[in-house]
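Reader: I should be grateful for a close look at the way the helices of this model pack against one another. Please set out the geometry of each pairing and the residues that form it, and then place the pairings within the chain.

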Amino acid sequence: MAVVSLMLFVESLQVTIRAAMKQDEDSHNLLLPLTETILDAVVSKLLVKSIQDVIDDDGSVKDTASPELRRYRDQVQALESRLCQLMDKLIRNADNEASLSEVSIVNGRCCIKITGDKSSSFDGLLLSSGSDAGSMIEPIIAVPLNDELQGARALVVRAELEALSKLTDKILLELDNIQILMQETVTLDKVLLFFITHFP
């Protein structure tokens, strides 16, 4: 996204300079060769679009980055929904009035947190236990779904890495131009700082 911001900034600057040149060509001549350097800068609109197609504004990988990623994320969402429904049903059906139960996540696995004096009415694996924190139990019936969910999440991570790897290859092809744009932007900052400090 930083690459996108850099390229869009330079492109916007080019548009502003061209508009200013139409109004007052003398101002352009005064700022040579800086304006020429900026106008000659290469902004890859194709790369900008490629990045925006894959990366969201918050830096996360978009669902649309690949068909596989969308499918795996849909699978994760469906499994999470099934697990939540299962856990809610188990809690509602539990005959344990003296304990308080709620759905919790332990190491990415959906489990039931139990606090209270009575022993658990859930047949499952004790993931953790403490006097203050209560007991974290993964019901036996939820183990296959939890395993499937872990596998689906791993597929999501793999699909995200594949999408980012392809995008990295495209960025590497434009690396020289990106470095030039960065250097020109730094030069522009120095010129701007000079004008600010000498002509307040």
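**Helix packing in the predicted model**

Author: In this predicted model, helix 1 (residues 2–23) packs against helix 4 at an angle of about 140°, the two axes lying 10 Å apart. Angles over 145 degrees count as roughly antiparallel and 65 to 115 as roughly perpendicular, with the rest beyond the roughly parallel range taken as oblique; helix 1 and helix 4 are therefore oblique to each other. Their crossing is left-handed. On the side of helix 1, the contact is formed by V3, V4, M7, L8 and E11, and on the side of helix 4 by K45, L47, V48, I51 and Q52. Sorted by class, the residues of this contact are 7 nonpolar, 1 polar and 2 charged.

The N-terminal part of the chain also carries an annotation. An unreviewed UniProt entry lists residues 1–19 as "signal peptide". In the model, that span is 95% helix and 0% strand, and its end C-alpha atoms lie 27 Å apart. M1 has a partner in space that is remote in sequence: its C-alpha atom is separated by 7.0 Å from that of G59, although the two residues are 58 residues apart along the chain. G59 belongs to the loop between helix 4 and helix 5. With a relative accessible area of 47%, G59 is partly exposed, since that class lies between the limits of 20% and 50%.

Helix 4 (residues 45–54) has a further pairing, with helix 6. The axes of these two helices come within 10 Å and cross at roughly 165°. That angle makes helix 4 roughly antiparallel to helix 6. Helix 4 passes helix 6 in a left-handed crossing. The residues that meet are L47, S50, I51 and V54 from helix 4, and A163, L167, K170 and I171 from helix 6. This contact comprises 6 nonpolar, 1 polar and 1 charged residues. L47 and I51 of helix 4 appear in the contact with helix 6, and L47 and I51 also appear in the contact with helix 1.

The remaining pairing to describe joins helix 5 (residues 67–93) to helix 6 (residues 143–173). Their axes are 9 Å apart, and the packing angle is about 155°. Helix 5 and helix 6 are therefore roughly antiparallel to each other. The crossing of this pair is left-handed. From helix 5, the contact draws on L69, Y72, R73, Q75, V76, L79, E80, R82, L83 and L86; from helix 6, it draws on L145, N146, E148, L149, A152, R153, L155, V156, R158, A159 and E160. By class, there are 12 nonpolar, 2 polar and 7 charged residues in the contact of helix 5 with helix 6.

One of the charged participants, R82, may be examined individually. R82 lies in helix 5 and, at 46% relative accessibility, counts as partly exposed. Its C-alpha atom is 8.1 Å from that of L145, while the two residues are 63 residues apart in sequence. Both R82 and L145 are listed in the contact of helix 5 with helix 6.

Helix 6 also bears on the strand region of the chain. R109, placed in strand 2 (residues 109–116), touches S104, E138, V143, N146, D147 and Q150, leaving aside residues up to four places away in sequence. Among these partners, N146 also takes part in the contact of helix 6 with helix 5. The relative accessibility of R109 is 16%, so R109 counts as buried. N107, by contrast, is exposed, with a relative accessible area of 71%. N107 is found in the loop between strand 1 (99–106) and strand 2, and its phi is near 50°, a positive value in a residue other than glycine.

These pairings may now be placed within the whole chain. The chain contains 7 helices and 4 strands, arranged along the sequence as α-α-α-α-α-β-β-β-β-α-α. Of its 200 residues, 30% are buried. Of the contacts between residues at least 6 apart in sequence, 56% join residues at least 24 apart.

Definitions and conventions: Residues are numbered from 1 along each chain as its sequence is written. This is a predicted model: local features need pLDDT of at least 70, side-chain atom pairs count only at pLDDT 80 or more; totals for chains, interfaces and linings use all residues. Side-chain values use heavy atoms; hydrogens and water are left out. Axes are lines fitted to C-alpha atoms, for helices over the stretch in contact, and angles run from 0 to 180 degrees between N-to-C directions. Angles under 35 degrees count as roughly parallel, over 145 as roughly antiparallel, 65 to 115 as roughly perpendicular and the rest as oblique. A crossing is left-handed if the near helix is turned anticlockwise from the far one by less than a right angle, and right-handed if clockwise. Contact means heavy atoms within 4.5 Å. Ala, Val, Leu, Ile, Met, Phe, Trp, Tyr, Cys and Pro count as nonpolar, Asp, Glu, Lys and Arg as charged, and the others, Gly among them, as polar. UniProt positions are given in the numbering used here, feature names are shortened, and annotations may be inferred rather than shown by experiment. Buried means under 20% relative accessible area, exposed over 50%, partly exposed in between (1.4 Å probe, protein chains only).
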